[in-house]
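Q: Please give a close account of where the ligand sits in this model and which residues surround it. I would also welcome a description of the strands and backbone features found elsewhere in the chain.

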Amino acid sequence: MGMQVAFTDYGARIVSVLVPDKAGNLRDVVLGFNSIQEYLQADEQYHGATIGRFANRIANGHFHLDDEKYTLQQNNGSNCLHGGPTGFHAKVWDRRTSFKKKIDFCYVSPDGEGGFPGNLKVTVSYELTEDNEIVIKYKAETDKKTVINLTNHAYFNLDGEGQGDVLSHILQLPSDHFLPIDENQIPLDRETPVDGTVFDFRLPKKIVEDINKDEEQLRRGNGYDHTLVNHQPISQVAASAYSPDSGIRLEVFTTEPGIQLYTGNFLSGKDIGKSGRKYASRSAFCFETQHYPDSPNHLQFPSVILEPSQVFESETIYKFSVKKLP
Ligand code: GAL
């Protein structure tokens with residue numbers, strides 16, 4: 001049986017992802033709401049959304065480009081998070097083409113929007129394949145030198161949205177380095193080996209195994225909320241998750257150099273989801289494929305600069321399957 005995906009042009013969001021489980025029943029593995037009003041009033045604003053212009057945090061809401069200082073809106077303590085309060089998640093995108101298995105969303109962000117330079121034309125295209133993959137392609141062009149970091153913020157629960165926490169999900173990521181963060185969740189300058197740390201997912205590991213350890217990095221993120229460094233080409237799995245209960249497995253493939261592993265630590269329980277259940281802390285996880293947080297302020301990180309002469313392109317695939325048990 002094939003999967004089904006639904007979108008909204010509000011934030012170019014994934015609204016639902018129905019995937020067959022090991023019994024052949026469809027489960028909706030992405031958190032979200034039944035009405036646009038609920039998205040507008042939600043406590044958590046990023047459900048399933050396209051995030052831009054700059055995914056994750058920019059420290060103190062400012063950065064320099066060619067000696068010019070740019071000031072952004074602060075919406076996460078002193079940080080600018082996910083492009084600021086009126087980032088791409090809060091825009092109504094144009095739906096330009098719509099085939100049965102493909103949908104394109106376009107948005108033109110005017111020069112200076114959210115404090116970022118350049119008129120930025122962005123296209124996010126979603127395609128559903130015969131192999132139960134959602135292929136997401138991002139493309140952008142600017143008329144002035146700028147910075148860009150795009151991702152999707154789907155919250156996954158492979159037992160189905162509203163079906164409790166994800167602590168018994170088993171994750172595997174080949175990353176051998178992660179980015180430690182400071183008290184404001186800004187990455188420190190160094191990529192750190194995962195060896196001997198709670199961030200070692202090179203062998204399959206349940207989320208619950210280490211997440212409640214009394215460890216400084218976990219305290220700073222309130223759980224996992226960290227970038228794992230990705231060196232895999234798009235043909236190789238960069239991250240995977242599996243729920244033994246449903247038998248559903250998610251594999252992620254990406255051109256991006258980082259994956260933000262976020263275990264929904266700040267989900268407050270205030271939002272009531274599609275099936276009428278509360279979205280509490282750790283009731284979902286995200287694999288946000290992206291460049292490193294706060295890159296404009298860390299020149300040694302992979303570059304997030306986009307020049308008018310360039311075309312920004314990025315691709316991420318979320319692939320679903322049912323894992324056959326031995
Ligand atoms: C994540 C971020 C979390 C939290 C969340 C939105 O990408 O890493 O710290 O802000 O978005 O609630």
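A: In this predicted model, the ligand sits in the largest pocket. There are 14 residues around the ligand, and those that come nearest are E44, R57, H153, D225 and E288. Three side chains may be described through their polar atoms. For E44, an N or O atom of the side chain is 2.7 Å from an oxygen atom of the ligand. For H153, the corresponding distance between a side-chain N or O atom and a ligand oxygen is 2.8 Å. The side chain of H82 likewise places an N or O atom 2.9 Å from an oxygen atom of the ligand. On its own, the ligand has 310 Å² of accessible area, and the protein covers 95% of it.

E288, named above among the nearest residues, directs attention to strand β23, which spans residues 286-290. This strand belongs to an open sheet of five strands, ordered β17-β16-β19-β22-β23 and paired in the antiparallel sense. The edges of the sheet are β17 (192-193) and β23, each of which pairs on one side only. The partner of β23 is β22, residues 258-262, and five antiparallel bridges connect the two. Within this pairing, T289 of β23 stands opposite I259.

R57, also one of the nearest residues, leads to β5, which comprises residues 57-58. The loop between β4 (50-51) and β5 contains R53. The peptide bond that joins G52 to R53 is cis, with omega at about -5 degrees.

A further backbone feature concerns D67. This residue is not a glycine, yet its phi is positive, at about 70 degrees. D67 is located in the loop that links β6 (62-65) and β7 (68-71).

The N-terminal part of the chain may be treated last. Here an open sheet consists of three strands in the order β1-β2-β3, with antiparallel pairing. β1 (4-8) and β3 (26-28) are the edge strands, and each pairs on one side only. From one strand to the next, the twist averages 20 degrees. β1 and β2, the latter covering residues 13-20, run antiparallel and are joined by five bridges. One position illustrates the pairing: F7 has I14 in β2 as its bridge partner.

Key:
Residues are numbered from 1 along each chain as its sequence is written. This is a predicted model: local features need pLDDT of at least 70, side-chain atom pairs count only at pLDDT 80 or more; totals for chains, interfaces and linings use all residues. Side-chain values use heavy atoms; hydrogens and water are left out. Two strands pair if DSSP finds at least two bridges between them. Helices (H or I, at least four residues) and strands (E, at least two) are DSSP runs, numbered from the N terminus. Axes are lines fitted to C-alpha atoms, for helices over the stretch in contact, and angles run from 0 to 180 degrees between N-to-C directions. A residue is near a molecule or strand if one of its heavy atoms lies within 4 Å of it. A polar contact is a pair of N or O atoms within 3.5 Å; within protein, one must be able to donate a hydrogen and the other to accept it, and residues adjacent in sequence count only if both atoms are side-chain atoms. Accessible areas come from the Shrake-Rupley method with a 1.4 Å probe; for residues, only the protein chains shown count as cover. On a 1 Å grid over the protein atoms alone, a cavity is a set of points where a 1.4 Å probe fits but cannot get out, and a pocket is an open set with protein on both sides within 12 Å along at least five of seven lines; lining residues have an atom within 4 Å of a point. A molecule sits in a cavity or pocket if more than half of its atoms lie within 2 Å of its grid points.
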